[in-house]
Structures are given as structure tokens and as C-alpha cells.
Amino acid sequence: MLIKLILSSLFLSTGQSGDNTIQLTYGENQQFKHRHADINILGHFPGVAKEGVYQLNNGKEVPFYVKGIDAKRDEISRNRLFKKGDFNIEIPIASTDLLNKKNRLEIGVVDSSGEKHSRSVTFT
């Protein structure tokens with residue numbers, strides 16, 4: 001069974017001269033096979049991140065790590081996250097919030113000035 005990822009067009013920007021839009025590594029259409037224990041959403045935040053959270057299908061907010069927030073965690077994640085701002089959201093296949101139909105994932109990153117940036121992702 002394949003899960004196809006389709007991105008919606010919800011963006012919030014900083015209002016500054018730089019663009020702090022959340023970027024997804026594998027573009028707007030992705031496919032996942034259920035042979036793994038997690039669905040991985042890889043991306044990058046070009047600003048200075050302070051916090052990352054995601055919310056699947058309006059469920060509880062779940063924190064995720066953005067490289068550059070904590071030097072100790074950066075060292076641990078060095079083989080998976082290569083540059084400051086990289087992230088990997090892992091959604092367990094067994095999650096009770098994961099549906100067998102269309103799913104909606106809200107990705108949020110708070111930057112160093114406290115402003116929240118978000119991107120909405122849907123997949124089936």
C-alpha cells in the first residue's frame with residue numbers, strides 16, 4: 001500500500017526580507033510503503049529555529065527536533081540531519097491519529113524571535 005503525500009499551499013512568512021518558509025526535501029508528491037515503522041517527513045527551515053511541533057489530524061501537538069536548537073542533540077543527529085535547520089518528522093505507522101484515508105499534518109516552527117511559521121501537508 002502506498003501513501004501519497006500532497007502538499008497544500010498554506011505558508012506563513014516572517015515579514016522580514018528573508019524567506020523563512022518551511023521547505024520539504026522531497027517536494028510536493030511523495031510515496032511511502034508500509035514496510036517501515038514510521039512515515040518520515042524530511043525538510044528544512046532556513047531561519048533560526050527555536051522549537052518545532054507537528055499536529056496530525058487535529059490531534060495532540062508533538063514536538064520534533066530541528067537541527068541547530070541544541071548542540072548535544074546536533075551531535076547525536078549528525079548522521080541524519082546535515083545542516084542547521086534540517087528536520088525529520090517521524091510518524092509511527094501504529095499511531096492512533098493516523099487514518100486509513102486522507103490525513104492532514106500541520107508542521108510548525110517557532111523562530112528565534114518567537115514568530116511561528118507553518119506548513120500544512122495532506123496524504124492518503
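This report describes the fold, sheet, core and side-chain interactions of a predicted protein model.

## Overall architecture

The secondary structure of the predicted protein consists of one helix and nine strands. Along the sequence, these elements follow the pattern β-β-β-β-β-β-α-β-β-β.

The protein has 124 residues, of which 41% count as buried. Among contacts with a separation of 6 or more, 60% are made by residues 24 or more positions apart.

## The three-stranded sheet

Three strands form an open sheet in the order β2-β4-β7, and their pairing is antiparallel. The edges are occupied by β2 and β7; each has a single partner strand, so one side of each lacks a neighbour in the sheet.

Strand β2 (residues 23–24) pairs with strand β4 (residues 38–44) over two bridges, in the antiparallel sense. Within this pairing, L24 stands opposite G43 of β4. Strands β4 and β7 also run antiparallel and are joined by seven bridges. G43 has F87 as its bridge partner in β7, while H44 has D86 as its bridge partner in that strand.

## The nonpolar core

The largest nonpolar core contains 19 residues, and the members that touch the most others are F64, F87, I89, I91, L105 and I107. At least two residues of this core come from each of β4, β5 (49–56), β7, β8 (103–111) and β9 (116–123).

I107 illustrates the reach of these contacts. Leaving aside residues up to four places away in sequence, I107 touches I22, L24, I41, V53, F64, F87, I89, H117, S118, R119 and V121. Two of these partners, F64 and F87, are also listed with I107 among the core residues that touch the most other members.

## The aromatic pair

The structure holds one aromatic pair. It is formed by F64 and F87, whose ring centres are 5.2 Å apart; their planes meet at 50 degrees, so the pair is classed as tilted. Because F64 belongs to strand β6 (residues 61–64) and F87 to strand β7 (residues 86–92), the pair ties together parts that are 23 residues apart in sequence.

Both rings belong to buried residues: F64 has a relative accessible area of 9%, and F87 has a relative accessible area of 1%. F87 thus combines several roles in the model, as a partner in the aromatic pair, as the bridge partner of G43 and as a member of the largest nonpolar core.

## Polar interactions

Which residue makes a polar contact with the side chain of N88? The partner is N40, whose side chain contacts that of N88 at 3.4 Å. N88 is found in strand β7 and counts as buried, because its relative accessibility is 14% and the cut-off for burial is under 20%. Beyond residues up to four places away in sequence, N88 touches N40, I41, L42, Y65, R80 and L81.

A search of the whole structure finds one salt bridge. The salt bridge links E106 with R104, and the closest N and O atoms are 2.4 Å apart. R104 counts as partly exposed, because its relative accessibility is 38%, between the limits of 20% and 50%.

Terms used
Residues numbered from 1 in each chain as written. Predicted model: local features only at pLDDT ≥ 70, side-chain atom pairs only at ≥ 80, totals over all residues. Heavy atoms only, no water. Salt bridge = Lys/Arg side-chain N within 4 Å of Asp/Glu carboxyl O. Buried < 20%, exposed > 50% of the residue type's maximum accessible area, 1.4 Å probe, protein only. Phe/Tyr/Trp six-rings, centres within 6.5 Å; stacked < 30°, edge-to-face > 60°. Helix = DSSP H or I, 4+ residues; strand = E, 2+ residues; numbered from the N terminus. Polar contact = N/O pair within 3.5 Å; in protein donor to acceptor, adjacent residues only side chain to side chain. Contact = heavy atoms within 4.5 Å. Pairing = 2+ DSSP bridges. Core = buried A, V, L, I, M, F, W, Y, C linked by side-chain atoms within 4.5 Å.
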